[in-house]
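User: I've got a model open and want to check a few of the labels on it. Can you walk me through the reasoning?

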Amino acid sequence: MEMRRAARLLAAVGLAALCCFSISSRVVDGKPDYRDALESSLLYFEGQRSGKLPADQRVTWRGDSALHDGEDHGVDLTGGYYDSGDNVKFGLPMAFTTTMLAWSVVEFERHLDAAGELRHALAAVRWGADYLARARAGDEVLFVQVGEGASDHACWQRPEDMDTPRTSFAVDAERPGSDVAGETAAALAGAALAFRHVDAAFANELLAHAEKLFSFATNHRGLYQNSVPGVAAFYGSSGDEDELIWAAAWLYIATAAEVYKSYICEHTGSAQSFSWDNKFVGAQTLIAKASHQAASLIVLIRAQLILEGKLPNEGHAAEMRSNLDQFLCDLMQRGTGNVKLTAGGMLWWQSWNNLQAVTSASFVLAAHADHLAAAGSSLRCGGAELAPSDLVAVARSQADYILGANPRKMSYMVGHGAAFPEEVHHRGASLPSIRSCPEKITCKGGFDYFHKNSPNPNVLVGAIVGGPDESDEYNDSRENYQQTEPSTVTVAPMVGLLARLSQD
């Protein structure tokens, strides 16, 4: 085994402090090793797992946790992912994470397979989809959170130790949450497509859940923070229109049912970024492909799933395509409202976890570039005509920035490159592993480790931190959570992007 791979795996199992290896990755022909980064990105999701860990768990500094989730309502809510550096399971970002992991498989399956990572990508999708399917506890009941944000954030504990309340929260007909229900429908429909020819029974089960969730969401409209007020401070939703059209697009891909085509044709929307809170750009990317000559809604890798027919290049469908073109032109710096670029070349939207917007936008650039290439088309921005390769080049520049081609010469993916964040804002990584220190670490006792100005004892390989500011500056301190906290919603789009780049 190569030294770089051995070092990364030693870090993942919590032995990095005991070995003399430096954790580094190769540069191939002047480019980062995308395949190595892809492997790391999927390893990260194993570090975020909640519940009973499987026998093939590779991140062995983690242990079983939250094994009684859902018991307060007589429902099995074990499993799923912790969203970021805390121990709460938030349904909206978890569903978006699962959707993007599934899209990575659907869009770039052959790339993942060629890189030897398809099995791990499917495992990551399944871990999220399994939980989300169980969270749908009835035709009009969806559990959307386990744990209490306020009490959890008042403690600094490993997930294996946590003794904060594990209250379960649901939306239903009287207390709706059409945003989170719509996103969960999208996630399960996407996961069904990813598994359709791998595990047909599982795929059919997921698709049935997705269709019922879409009906629930469209029949009972309302933002979920009005039904679960505690979530507003953490993952409040700005609307549900994006989640519903996003879900309809995925369900139309999966079923070709007229009800979903009609929904798409009757609704529209636009956005300046693509994130866990706004999916219009994602929906536009799926819908736009239908309007390119000789292209169906989305041409999947498996020929059996290619949809017959296409959406009309008129009305709301055409508007969605036009909105996508505007967004992409702004990313390419050829639009009327160009996204800001830092001096170091990073696309810039926000001070808190800017890299989430970067990875999602870069995924869309890479995916739509392939859609354009398949259709023999290009992106028109005013008088300029941009080739698919131009879109891929910008997506690659953002991946390269994250992986170390930036003014600080630092990788913002943990465990990748010669230098990367060491004080990641993450409870499990910043505390001694339960494997090496089985004694309980208390709620307040954990802050003794939090305030230490020293590297985390466990390397959360593959995590992508919030990232540098608009001046390309980064302060590697656990207390600087806006920059140093990683999140599943940031890494999930990076999986597909890295798969695409690894085969260039």
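User: What makes strand β5 mostly covered?

Analyst: This is a predicted model, and in it 5 of the 6 residues of β5 (residues 141-146) are buried. Buried means under 20% relative accessible area, so those 5 residues each fall below that cut-off.

User: How do you know that β3 and β5 pair?

Analyst: Pairing takes at least two bridges. Strand β3 (residues 89-90) and β5 have 2, in the antiparallel sense, so they qualify. Across that pairing, phenylalanine 90 sits opposite glutamine 145 in β5.

User: And what about β4 and β5?

Analyst: Strand β4 (residues 136-138) and β5 are also joined by 2 bridges, antiparallel, so the requirement of at least two is met. Glycine 138 faces valine 141 of β5, and the two strands make a hairpin with 2 residues between them.

User: Why do β5 and β6 count as paired?

Analyst: β5 and strand β6 (residues 168-172) share 5 antiparallel bridges, and at least two are needed, so they count. Leucine 142, for one, has valine 171 in β6 as its bridge partner.

User: Over to helix α12 (residues 315-331), where aspartate 325 is found. Why is aspartate 325 said to have no salt bridge?

Analyst: The nearest side chain of opposite charge is arginine 321, 4.1 Å away. A salt bridge has to be within 4 Å, so this pair doesn't make the cut, and aspartate 325 is buried without one.

User: Which residues does aspartate 325 contact, leaving aside neighbours within four places in sequence?

Analyst: His368 and Leu379.

Technical notes. Residues are numbered from 1 along each chain as its sequence is written. This is a predicted model: local features need pLDDT of at least 70, side-chain atom pairs count only at pLDDT 80 or more; totals for chains, interfaces and linings use all residues. Side-chain values use heavy atoms; hydrogens and water are left out. Buried means under 20% relative accessible area, exposed over 50%, partly exposed in between (1.4 Å probe, protein chains only). Helices (H or I, at least four residues) and strands (E, at least two) are DSSP runs, numbered from the N terminus. Lys and Arg count as positive and Asp and Glu as negative; His and the chain ends are not counted. Contact means heavy atoms within 4.5 Å.
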